[in-house]
Amino acid sequence: MKKGGKEIEEKQGKSFVDAAIAANIKYIGISSTDRGGVKSSSSSTPVQTWATKYNIERHPRQNALGTDVIYVILRPILFMEGLSSKFEGKALATMWKTII
(Lines give C-alpha, C1' and ligand atoms only; values in the text may rest on other atoms or scores of the structure.)
Protein backbone atom coordinates (compact mmCIF):
# COMPACT_ATOMS: atom_id res chain seq x y z
CA MET A 1 0.00 0.00 0.00
CA LYS A 2 1.39 3.38 -0.91
CA LYS A 3 2.44 5.89 1.72
CA GLY A 4 -0.60 7.35 3.47
CA GLY A 5 -2.79 4.77 1.76
CA LYS A 6 -4.43 3.38 4.89
CA GLU A 7 -5.23 6.85 6.19
CA ILE A 8 -6.74 7.81 2.84
CA GLU A 9 -8.73 4.56 2.70
CA GLU A 10 -10.13 5.12 6.20
CA LYS A 11 -11.05 8.73 5.45
CA GLN A 12 -12.78 7.74 2.20
CA GLY A 13 -14.64 4.85 3.82
CA LYS A 14 -15.94 6.96 6.68
CA SER A 15 -16.82 9.82 4.31
CA PHE A 16 -18.80 7.37 2.16
CA VAL A 17 -20.82 6.28 5.18
CA ASP A 18 -21.38 9.88 6.32
CA ALA A 19 -22.52 10.93 2.83
CA ALA A 20 -24.93 7.99 2.59
CA ILE A 21 -26.45 8.83 5.97
CA ALA A 22 -26.72 12.53 5.10
CA ALA A 23 -28.42 11.71 1.78
CA ASN A 24 -30.77 9.27 3.54
CA ILE A 25 -29.60 6.41 1.32
CA LYS A 26 -31.60 3.35 2.36
CA TYR A 27 -29.00 0.62 1.73
CA ILE A 28 -25.21 0.74 1.69
CA GLY A 29 -22.63 -1.98 1.22
CA ILE A 30 -19.09 -1.95 2.51
CA SER A 31 -16.37 -4.26 1.26
CA SER A 32 -13.94 -5.31 3.95
CA THR A 33 -11.93 -8.44 4.71
CA ASP A 34 -12.30 -11.31 7.13
CA ARG A 35 -10.09 -11.05 10.19
CA GLY A 36 -10.92 -14.23 12.07
CA GLY A 37 -14.52 -15.26 11.42
CA VAL A 38 -16.97 -14.18 14.11
CA LYS A 39 -14.23 -12.13 15.80
CA SER A 40 -14.13 -9.81 12.77
CA SER A 41 -17.01 -7.72 14.14
CA SER A 42 -15.65 -7.24 17.62
CA SER A 43 -11.88 -7.05 17.41
CA SER A 44 -9.29 -5.32 15.31
CA THR A 45 -5.99 -6.78 14.17
CA PRO A 46 -2.34 -5.77 14.33
CA VAL A 47 -2.24 -5.85 10.50
CA GLN A 48 -2.51 -2.13 9.73
CA THR A 49 -4.35 -2.37 6.40
CA TRP A 50 -6.96 -4.68 7.96
CA ALA A 51 -7.24 -2.53 11.09
CA THR A 52 -8.26 0.31 8.78
CA LYS A 53 -11.11 -1.83 7.47
CA TYR A 54 -12.20 -2.59 11.03
CA ASN A 55 -12.31 1.16 11.78
CA ILE A 56 -14.43 1.75 8.66
CA GLU A 57 -16.79 -1.08 9.67
CA ARG A 58 -17.34 0.48 13.09
CA HIS A 59 -18.33 3.80 11.56
CA PRO A 60 -21.85 2.87 10.37
CA ARG A 61 -22.47 0.93 13.58
CA GLN A 62 -21.82 4.11 15.53
CA ASN A 63 -23.29 6.67 13.13
CA ALA A 64 -26.26 4.98 11.46
CA LEU A 65 -28.04 4.27 14.74
CA GLY A 66 -31.42 5.95 14.78
CA THR A 67 -31.50 6.36 10.99
CA ASP A 68 -33.24 4.36 8.28
CA VAL A 69 -29.92 3.30 6.77
CA ILE A 70 -29.44 -0.44 6.45
CA TYR A 71 -25.87 -1.50 5.83
CA VAL A 72 -24.12 -4.74 5.00
CA ILE A 73 -20.45 -5.52 5.41
CA LEU A 74 -18.99 -8.08 3.02
CA ARG A 75 -15.81 -9.77 4.20
CA PRO A 76 -14.36 -11.98 1.49
CA ILE A 77 -11.20 -13.81 2.39
CA LEU A 78 -9.89 -13.62 -1.14
CA PHE A 79 -10.17 -11.25 -4.07
CA MET A 80 -9.72 -12.37 -7.66
CA GLU A 81 -6.81 -9.93 -7.97
CA GLY A 82 -4.89 -12.32 -5.71
CA LEU A 83 -5.10 -15.06 -8.32
CA SER A 84 -2.52 -14.19 -10.89
CA SER A 85 0.35 -15.87 -12.69
CA LYS A 86 2.81 -13.87 -10.59
CA PHE A 87 4.55 -15.30 -7.53
CA GLU A 88 1.90 -14.13 -5.05
CA GLY A 89 -0.90 -15.69 -7.07
CA LYS A 90 0.95 -18.98 -7.43
CA ALA A 91 1.73 -19.04 -3.71
CA LEU A 92 -1.91 -18.35 -2.84
CA ALA A 93 -3.18 -21.05 -5.20
CA THR A 94 -0.68 -23.54 -3.77
CA MET A 95 -1.74 -22.67 -0.22
CA TRP A 96 -5.42 -23.28 -1.06
CA LYS A 97 -4.54 -26.52 -2.85
CA THR A 98 -2.64 -27.69 0.24
CA ILE A 99 -5.47 -27.04 2.72
CA ILE A 100 -8.41 -28.20 0.61
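Where is the place of Asn24 in the chain? Asn24 sits in the loop between helix 1 and strand 1, and it is taken up again in the third view below.

The model shown in these views is predicted, so that local features need pLDDT of at least 70 and side-chain atom pairs count only at pLDDT 80 or more, while totals for chains, interfaces and linings use all residues. Residues are numbered from 1 along each chain as its sequence is written, and side-chain values use heavy atoms, with hydrogens and water left out.

**View 1. The whole chain follows the pattern α-β-α-β-α along its sequence.** The chain has 3 helices and 2 strands, where helices (H or I, at least four residues) and strands (E, at least two) are DSSP runs numbered from the N terminus. Its C-alpha trace spans about 45 × 30 × 25 Å along the principal axes. Of the 100 residues, 26% count as buried, a term that stands for under 20% relative accessible area, with exposed meaning over 50% and partly exposed in between (1.4 Å probe, protein chains only). Among contacts in the chain with a separation of 6 or more, 56% come from residues 24 or more positions apart, contact meaning heavy atoms within 4.5 Å.

**View 2. Helix 1 covers residues 5-22 and has its buried residues along one face.** For its 18 residues, a rise of 1.5 Å a residue gives an expected span of 26 Å, and the end C-alpha atoms are 25 Å apart, which agrees; the expected span is 1.5 Å times one less than the number of residues. The buried residues of helix 1 are Gly5, Glu10, Gly13, Val17, Ala20 and Ile21. Seen down the helix axis, these buried residues fall within an arc of 145 degrees, so they line one face of the helix, the arc being that of the directions from the helix axis to the C-beta atoms. What covers them includes strand 1 (27-31) and helix 2 (48-63), whereas Lys11, Gln12 and Ala22 are exposed on the other side of helix 1.

**View 3. Asn24 takes a positive phi just after helix 1.** The phi of Asn24 is about 55 degrees, although Asn24 is not a glycine. Most residues other than glycine have a negative phi. With 51% relative accessibility, Asn24 counts as exposed. Between the C-alpha atoms of Asn24 and Lys11, which are 13 residues apart along the chain, the separation is 20 Å.

**View 4. Thr45 is placed in the loop between strand 1 and helix 2.** Thr45 has a relative accessible area of 17% and is therefore buried. Leaving aside its neighbours within four places in sequence, Thr45 is in contact with Arg35, Trp50 and Ala51. The C-alpha atoms of Thr45 and Thr98, which are 53 residues apart along the chain, are separated by 25 Å.

**View 5. Glu57 is a residue of helix 2.** Glu57 counts as buried because its relative accessibility is 0%. When its neighbours within four places in sequence are left aside, Glu57 is in contact with Ser32, Thr33, Arg35, Ser40, Ile73 and Arg75. Arg35 is thus named among the contacts of Glu57 and also among those of Thr45.
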